[in-house]
Amino acid sequence: MSRFLHGDPGMKPATIERLREAVDALGYRPDFAAQTLRTGRSSVVTAILPGSVTGFPTSTLAAAAEVAGEAGYHMEVAVVAGPSTVRAQRAAELLASGRSEGVLFLGDSPDGGVPAGYGSGAFVVFDQFDDKLRGVGQLADATPVADAISGLAEMGHRRFLHVAGPQDFVSARARRETFLATIAEHAADIEGLESAGVIVGDWSAQSGYDAVAQRQEIDFTAIIAANDVVATGAVRALAERGLRVPGDVSIVGWEDREMGRFMSPSLSTVAVDRRAQGRAAMLRLIALLRGEEAEQADVPVTRLIWRESTGRAPKFQ
């Protein structure tokens with residue numbers, strides 16, 4: 001049985017088949033504690049998350065788990081309440097005990113770094129989320145907002161409205177600041193190009209709807225929405241006012257949600273590849289565990305996608 005469980009290639013096929021049937025019938029599962037004692041390795045890596053969050057980075061963690069599995073590791077998720085120093089202490093305990101060979105630390109970097117004496121394990125800070133798991137760093141990169149405004153300006157648009165997300169999110173603040181800075185930059189070179197305003201809301205369709213429905217006049221031809229959900233609300237309000245997208249107003253969202261691809265017209269948006277970030281972080285952790293040089297290169301995670309909701313500007317009245 002031991003030879004079978006360790007994948008001995010010298011065993012006869014008929015014997016392998018009989019043992020596989022016996023294992024399935026008995027519901028056998030390896031004893032990881034015994035395995036750790038025997039080999040000195042747990043083959044476990046742990047993703048540690050803050051205990052109080054506003055969202056859960058499911059796709060990021062799923063991609064990280066896939067990479068871990070491909071490398072022969074099992075990824076566990078631990079949600080630890082308290083500040084970053086408490087989570088760092090828990091990471092040190094897991095590593096020192098041998099329960100986990102490596103830790104992927106999500107949220108704010110621990111003050112003072114990882115506590116000393118955590119053994120030979122590997123520790124990687126995934127610094128693309130804050131302690132409420134809101135995107136920061138590359139996940140808050142607002143460069144595509146500038147790209148969208150530039151592209152729309154080339155299509156003849158001159159007045160832009162930004163329906164912004166809640167300003168306690170770094171990503172929402174970055175998009176608002178980039179919107180204003182890009183408008184100011186283009187206004188210096190393109191006559192008549194200006195902002196029609198910034199309306200701060202939340203991430204809901206209602207927010208986008210209200211931003212358009214409550215406006216006295218539609219004095220803009222392009223909307224940069226906080227996300228795809230906000231954009232759908234704005235599209236609905238425009239339709240109720242007898243305006244066409246993109247015939248009268250063009251709109252760009254953010255996140256590349258499935259609904260945006262299938263709505264009519266399909267939504268121009270910014271795709272955010274959170275899976276790429278999860279894979280990159282786990283690859284760094286695996287490299288450290290293997291004593292290899294960890295890849296530090298940034299992974300592009302955002303790209304602007306033009307679809308049917310954007311087009312040439314109508315003659316502005």
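How many cavities of 30 Å³ or more does the structure hold? The model, which is predicted, holds one. Its volume is about 40 Å³. Rolling a probe the size of a water molecule over the atoms is what shows where such empty space is left.

The lining of this largest cavity is made up of Pro144, Val145, Ala148, Ile224, Ala225, Val252, Gly253, Trp254 and Val270. Two elements give two or more residues each to that lining, namely helix 6 (143–154) and strand 7 (222–225). Of the elements, helix 6 gives the most, with three residues. Sorted by class, the lining has eight nonpolar residues and one polar residue, and no charged residue takes part.

The wider setting is a chain of 317 residues, of which 45% count as buried. The chain has 11 helices and 10 strands. When contacts between residues at least 6 apart in sequence are considered, 72% of them join residues at least 24 apart. The surface that the chain exposes comes to about 15,800 Å², and carbon and sulfur atoms supply 50% of that area.

The next topic is the interior. In soluble globular proteins, nonpolar side chains tend to be buried together. In this model the largest nonpolar core has 37 residues, and the members that touch the most others are Met75, Leu104, Phe160, Ile224 and Met282. Helix 6 supplies the largest share of this core, five residues. Helix 6 is also the element that gives the most to the cavity lining. Ile224 likewise appears in both places: it is among the core members with the most partners, and it lines the largest cavity.

Met75 can serve as an example of how the core is joined. With neighbours within four places in sequence left aside, Met75 is in contact with Val45, Ala47, Leu61, Ala64, Ala65, Ala68 and Met282. Met282 is itself one of the core members that touch the most others. Separate from this core is a second one of 20 residues, which includes Ala211, Phe220, Val235 and Leu238.

The backbone has some features to check by eye. Most residues other than glycine have a negative phi, and most peptide bonds are trans. Two peptide bonds before proline depart from this pattern. Val245 and Pro246 are joined by a cis peptide bond with omega about 5°, and Pro246 sits in the loop between helix 9 (228–240) and strand 8 (250–252). The bond from Ser264 to Pro265 is also cis, with omega near 5°. Pro265 belongs to the loop between helix 10 (258–262) and strand 9 (269–272).

Positive phi values occur in the loop between strand 8 and helix 10, where Glu255 is found. Glu255 is not a glycine, yet its phi is positive at about 115°. Asp256 lies in the loop between strand 8 and helix 10 as well, and its phi, near 55°, is again positive in a residue other than glycine.

Are Glu255 and Asp256 buried or partly exposed? The cut-off for buried is under 20% relative accessible area. Glu255 has a relative accessible area of 22%, so it is partly exposed. Asp256 is at 14% relative accessibility and therefore counts as buried.

How values were computed: Residues are numbered from 1 along each chain as its sequence is written. This is a predicted model: local features need pLDDT of at least 70, side-chain atom pairs count only at pLDDT 80 or more; totals for chains, interfaces and linings use all residues. Side-chain values use heavy atoms; hydrogens and water are left out. On a 1 Å grid over the protein atoms alone, a cavity is a set of points where a 1.4 Å probe fits but cannot get out, and a pocket is an open set with protein on both sides within 12 Å along at least five of seven lines; lining residues have an atom within 4 Å of a point. Grid points are joined across faces, edges and corners, and a volume is the space filled by probe spheres set on the points. Helices (H or I, at least four residues) and strands (E, at least two) are DSSP runs, numbered from the N terminus. Ala, Val, Leu, Ile, Met, Phe, Trp, Tyr, Cys and Pro count as nonpolar, Asp, Glu, Lys and Arg as charged, and the others, Gly among them, as polar. A nonpolar core is a set of buried Ala, Val, Leu, Ile, Met, Phe, Trp, Tyr and Cys residues joined through side-chain atoms within 4.5 Å. Buried means under 20% relative accessible area, exposed over 50%, partly exposed in between (1.4 Å probe, protein chains only). Contact means heavy atoms within 4.5 Å. Accessible areas come from the Shrake-Rupley method with a 1.4 Å probe; for residues, only the protein chains shown count as cover.
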